[in-house]
Amino acid sequence: MQNALSIHKLKKTYGNGVEALKGVSLEVPEGDFFALLGPNGAGKTTIIGVVTGLVNKTEGTVSVFGHDIEKEPETARAQIGVVPQEINFNPFEKCIDVVVNQGGYYGIPRKTAIPYAEQLLKDLGIFDKRDMTGWTLSGGMKRRLLIARALIHQPRFLILDEPTAGVDVELRRGMWDYLKTLTEKGVTILLTTHYLEEAEQLCKHVAIINKGEIAASGTMEEVLALHDGATPKDGYRGGRLEEVFLKLTRE
Ligand SMILES: Nc1ncnc2c1ncn2[C@@H]1O[C@H](COP(=O)(O)OP(=O)(O)O)[C@@H](O)[C@H]1O
Ligand SMILES: [Mg+2]
């Protein structure tokens, strides 16, 4: 099976000299539900920025379903839907228009986009907000609107940067369920999250990144097997993934 995403020895040094990525390699197989985990500042958003064409890489190669992002940027980008970490839609636009207008960037006529956008809003439980402006939505609803917007061109690969940040537990569960239905339809998902227990339960593959370098990656079972079974010093026992995460990312 081909990879939805292949990243080889990716380096990024920002203009101010920060080495955000120091040679990251990772592969996301088609159909995967992949968790990219790491503490704040590890380089997760930078990886997503490079893959989606918002950040220029310094070195290395990236391809999306075999399409090199440098040689075939449009083809690579057309496969991807992205839910950014920052809420970045126009707050004065109606929810339905946020989604339909995004379709315009992919050449989808309004006539086709409107019914599909409505279906997405229904599936995400925000159809009743269709004619409200974005700024009137709660935090969780804004996140769901970003997901609908990311899906309007029916991408095969959905990338979500902390989609459940600041979302309460019940809505989070609903979102994870929704993402699971997408993977069952064949959409490949890569997400970053701080909710390690949820990632542990749902994701097939995982990579843990720390200070611009991959500290561990593999199937969830392989990464969980790095857990040594010792009780942490403070006596608190979280999920196994959380303990592996702390072991690999602690100073
Ligand atoms: N536009 C930028 N200019 C300079 N440094 C940046 C920029 N964006 C991110 N960084 C730095 O790069 C590192 C990785 O950041 P980021 O990719 O946002 O990490 P994460 O998403 O894992 O929290 C951090 O040290 C951050 O301060
Ligand atoms: Mg980030």
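Trainee: In this predicted model, what share of the contacts in the protein chain with a separation of 6 or more comes from residues 24 or more positions apart?

Mentor: Such residues account for 67% of those contacts, where two residues are in contact if their C-beta atoms lie within 7 Å.

Trainee: How do you know whether the chain agrees with a compact globule or not?

Mentor: With 251 residues, a compact globule would have a radius of gyration near 18 Å, and because the protein chain has 18 Å, the two agree. The C-alpha atoms fill a box of roughly 55 × 45 × 40 Å along the principal axes, and the secondary structure comes to 9 helices and 10 strands.

Trainee: What makes a residue buried, and how many of the 251 residues are buried, as a percentage?

Mentor: A residue is buried if 20 or more other C-beta atoms lie within 10 Å of its own, and buried residues make up 41% of the chain. The largest nonpolar core has 70 residues, and Ala117 and Ala148 are among those with the most contacts inside it. Helix H5, residues 139–151, gives the largest share of this core, with 6 residues.

Trainee: Which residues is alanine 117 in contact with, leaving aside its neighbours within four places in sequence?

Mentor: Alanine 117 is in contact with Ile96, Val99, Val100, Ala148 and Ile152.

Trainee: What makes a residue part of the shell around ligand 1?

Mentor: Its C-beta atom must lie within 6 Å of the molecule, and the residues surrounding ligand 1 include Tyr14, Asn16, Lys44 and Thr45. By class, this shell has 4 nonpolar, 7 polar and 1 charged residues, and helix H1, residues 44–51, gives the most to the shell, with 3 residues.

Conventions:
Residues are numbered from 1 along each chain as its sequence is written. Chains are lettered from A and ligands numbered from 1 in the order in which they are written. This is a predicted model: local features need pLDDT of at least 70, side-chain atom pairs count only at pLDDT 80 or more; totals for chains, interfaces and linings use all residues. Helices (H or I, at least four residues) and strands (E, at least two) are DSSP runs, numbered from the N terminus. The radius of gyration is taken over C-alpha atoms; the globule rule is 2.2 Å times the number of residues to the power 0.38. A residue is buried if 20 or more other C-beta atoms lie within 10 Å of its own, exposed if 12 or fewer, and partly exposed in between; C-beta atoms are placed from the backbone. Ala, Val, Leu, Ile, Met, Phe, Trp, Tyr, Cys and Pro count as nonpolar, Asp, Glu, Lys and Arg as charged, and the others, Gly among them, as polar. A nonpolar core is a set of buried Ala, Val, Leu, Ile, Met, Phe, Trp, Tyr and Cys residues joined through C-beta atoms within 7 Å.
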